[in-house]
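Student: I am new to this structure. Please give me a close look at its interior, and then at the parts around it.

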Amino acid sequence: SGCGAFRGEEAGIFDQVGTGRDALVLMPTGGGKSVCYQLPALLREGCGIVVSPLIALMQDQVEALRQFGVRAAFLNSTLDADAAARIERELLDGTLDLLYVAPERLLTPRFLSLLDRGAAAGNIALFAIDEAHCVSQWGHDFRPDYLRVGPAIAALGHPPTLALTATAAPPVRDEILSVLGMDDPEVIVRGFDRPNI
């Protein structure tokens, strides 16, 4: 049962993000993690920025969202300069609902400047970090680019931030919160049979 089920316990995730409070969501793969940031992004004013290390997944999600009329796009290494520039303009114009970004793209001076201008125009609804366990220097999925996501969020005035992962032992959870600079977040664990995971 993922967020898409809209059961009482999952509704808490929407409440947290809807009110602007940070949240760390642990939910098994296939449990509906993506809906946990997609719906709040659509309900809030502006565009939801989604950091994801999985290029194929972000492309699949954007394609599926567009079929439902959601104004979604992605910025990653598969785009040429003209396509990337068009998407950047859409962000600044306020005509995007969701923008998926590879972590290495997020941290370029060009994109940080774009986000800064988008935030100044009120066009950033929330920040979602998918596969948030990639911040852990102790994990086999460690991505150094993720270490700079926290400073990027802080530089934007810390919009509501949602970190999502299917796997994070308590020390990794603490590391995620520290690296991302999440302030007094709600930690939400859903759908696991074993609460120690």
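Tutor: What follows starts with the chain as a whole, goes on to the interior, and ends with a few loops and a pocket.

This is a predicted model, in which local features need pLDDT of at least 70 and side-chain atom pairs count only at pLDDT 80 or more, while totals for chains, interfaces and linings use all residues. Residues are numbered from 1 along each chain as its sequence is written, and side-chain values use heavy atoms, with hydrogens and water left out.

The chain holds eight helices and seven strands. Both are DSSP runs, numbered from the N terminus: helices are H or I with at least four residues, strands are E with at least two. Of the 197 residues, 50% count as buried. Buried means under 20% relative accessible area, exposed means over 50%, and partly exposed lies in between (1.4 Å probe, protein chains only). Contact means heavy atoms within 4.5 Å. Among contacts between residues at least 6 apart in sequence, 74% join residues at least 24 apart.

Now the interior. The largest nonpolar core has 37 residues. Such a core is a set of buried Ala, Val, Leu, Ile, Met, Phe, Trp, Tyr and Cys residues joined through side-chain atoms within 4.5 Å. The residues with the most contacts inside it are I49, L91, L99, L106, L115, F127 and I176. Helix α8, residues 170-180, gives the largest share of this core, five residues. Another core lies apart from it, with 21 residues, among them A23, V25, L98 and I188. In soluble globular proteins, nonpolar side chains tend to be buried together.

Take I49. Not counting residues up to four places away in sequence, I49 touches L91, L99, V101, L115, I124, L126, F127 and A128.

Next, α8. Its buried residues are V172, R173, E175, I176, L177, V179 and L180. What covers them includes β1 (23-26), β5, α7, β6 and β7 (186-189). Just after α8, G181 takes a positive phi of about 65°.

L91 leads to L96. L96 sits in the loop between α4 (81-93) and β4 (98-101). L96 has a relative accessible area of 4%, so it counts as buried. Beyond its neighbours within four places in sequence, L96 is in contact with G46, C47, R71, A72, A73, I87, E90 and L91. G46 is 50 residues away along the chain, yet the C-alpha atoms of L96 and G46 are separated by 7.6 Å.

Two loop residues deserve a look for their backbone. Most residues other than glycine have a negative phi. H158, in the loop between α7 and β6 (161-165), has a positive phi near 55°. H158 counts as partly exposed because its relative accessibility is 26%. E131 also has a positive phi, near 55°. E131 lies in the loop between β5 (124-129) and α7 (149-155).

E131 brings us to the largest pocket. On a 1 Å grid over the protein atoms alone, a pocket is an open set of points where a 1.4 Å probe fits, with protein on both sides within 12 Å along at least five of seven lines; lining residues have an atom within 4 Å of a point. The lining has 15 residues, of which G30, K33, L57, D130 and E131 lie nearest the pocket's centre. Two elements give two or more residues to it: α2 (33-43) and α3 (55-67). The largest share, three residues, comes from α2.
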